[in-house]
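Subject: Structure handover and what was found in it

Dear colleague,

I am passing on the structure that we talked about, together with some notes for a reader who has not seen it before. Please open it first, and then read on with the model in view.

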Amino acid sequence: VVAFASTCRSVRRAVAPVLAEARRWRARAGVLLKEAHSGAPSLRGGQSCDDLTSTQQLRLATGLVFGDAVVADASNCATLAHLIGRRSLDGLEELRIERAADGRDWRPICSALRGGALPKLAFLDLGNNSLGDAFCAALADALSADPAAVLRCVSRLTLSANRIGCAGAARLAGPVAEGALPRLQFLAL
């Protein structure tokens, strides 16, 4: 009994940092979702932000709308990248982040897309975020890494009003010409 009790304490000590980190990410996700779109992200299917109390429920969300500088906060940007990378948003078919990023460095979010995250996403609107050519380069790198898996279902991509110049557009055009975004029907730059 003593050996078992000491083993349990050892396991608890070993697992405690992992659980604490998971709790921090969950709390950050809750903050991000509560701050989104004037207090609640828009969820299709009649859900509200209050319904997203578990990771499983978050995975069931099919559409999210973030606006008004929500992702401009570095912590929120990192949290969104974490949720994408951990595949917690894989049920999304629509993601709109409008006037929410204000030029924020999106490389973590683009990197999180590698490996097939957001496999059902058909509509991606990142308009009015001042993303610039650096975002296009980061997205092009993600698309080039695995053209068959990254954003494979996206049919509408809106990147308008983002200060994207010829260099950014050309950088993004490369992977698309090579087969990335195979279902793309509409692109707004």
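The notes below go from the overall layout to the interior, and then to a few single residues.

Please keep in mind throughout that this is a predicted model. The chain has 189 residues, of which 42% are buried. Six helices and five strands are found in the chain, and, read from the N terminus, these elements follow the order α-α-β-α-β-α-β-α-β-α-β. Of the contacts with a separation of 6 or more, 86% are made by residues that lie 24 or more positions apart.

Turning to the interior, the largest nonpolar core comprises 40 residues, and Ile84 and Leu151 are those with the most contacts inside it. Two or more residues of this core come from each of α1 (2-35), β1 (63-67), α3, β2, α4 and α5, and the largest share, six residues, is given by α5. In soluble globular proteins, nonpolar side chains tend to be buried together. As for Ile84, if residues up to four places away in sequence are left aside, its contacts are Leu89, Ile109, Ala112, Leu113, Ala117 and Leu118.

There is also one cavity of 30 Å³ or more in the structure, and the volume of this largest cavity is about 100 Å³. Its lining consists of 15 residues, and those nearest the centre are Trp106, Ile109, Leu113, Leu124 and Leu126. The elements that contribute two or more residues to that lining are α3, β2, α4 (107-112) and α5 (132-145). What classes of residue make up the lining of the largest cavity? The lining has 15 nonpolar residues, with no polar and no charged ones.

Two aspartates deserve a separate look. Asp90 is placed in the loop between α3 (74-85) and β2 (94-98), and it counts as buried because its relative accessibility is 16%, which is under the 20% cut-off. Apart from residues up to four places away in sequence, Asp90 touches Ala117, Leu118, Pro119 and Lys120, and a polar atom of the Asp90 side chain lies 2.9 Å from the backbone nitrogen of Leu118.

Asp125, in turn, belongs to strand β3 and is buried as well, with 8% relative accessibility. A polar atom of its side chain lies 2.9 Å from the backbone nitrogen of Gly127. With residues up to four places away in sequence again left out, Asp125 touches Leu95, Arg96, Ile97, Glu98 and Thr158. Asp125 and Leu159 are 34 residues apart in sequence, while their C-alpha atoms are 6.5 Å apart in space.

Finally, there are two leucines whose backbone may catch your eye. Leu118, the residue mentioned above with Asp90, is located in the loop between α4 and β3 (123-125), and although it is not a glycine it has a positive phi of about 55°; at 2% relative accessibility, Leu118 counts as buried. Leu181, in the loop between α6 (166-177) and β5 (186-188), likewise is not a glycine and has a positive phi of about 50°, and its relative accessible area of 4% makes Leu181 buried.

With best wishes

How values were computed
Residues are numbered from 1 along each chain as its sequence is written. This is a predicted model: local features need pLDDT of at least 70, side-chain atom pairs count only at pLDDT 80 or more; totals for chains, interfaces and linings use all residues. Side-chain values use heavy atoms; hydrogens and water are left out. Helices (H or I, at least four residues) and strands (E, at least two) are DSSP runs, numbered from the N terminus. Buried means under 20% relative accessible area, exposed over 50%, partly exposed in between (1.4 Å probe, protein chains only). A polar contact is a pair of N or O atoms within 3.5 Å; within protein, one must be able to donate a hydrogen and the other to accept it, and residues adjacent in sequence count only if both atoms are side-chain atoms. Contact means heavy atoms within 4.5 Å. On a 1 Å grid over the protein atoms alone, a cavity is a set of points where a 1.4 Å probe fits but cannot get out, and a pocket is an open set with protein on both sides within 12 Å along at least five of seven lines; lining residues have an atom within 4 Å of a point. Grid points are joined across faces, edges and corners, and a volume is the space filled by probe spheres set on the points. Ala, Val, Leu, Ile, Met, Phe, Trp, Tyr, Cys and Pro count as nonpolar, Asp, Glu, Lys and Arg as charged, and the others, Gly among them, as polar. A nonpolar core is a set of buried Ala, Val, Leu, Ile, Met, Phe, Trp, Tyr and Cys residues joined through side-chain atoms within 4.5 Å.
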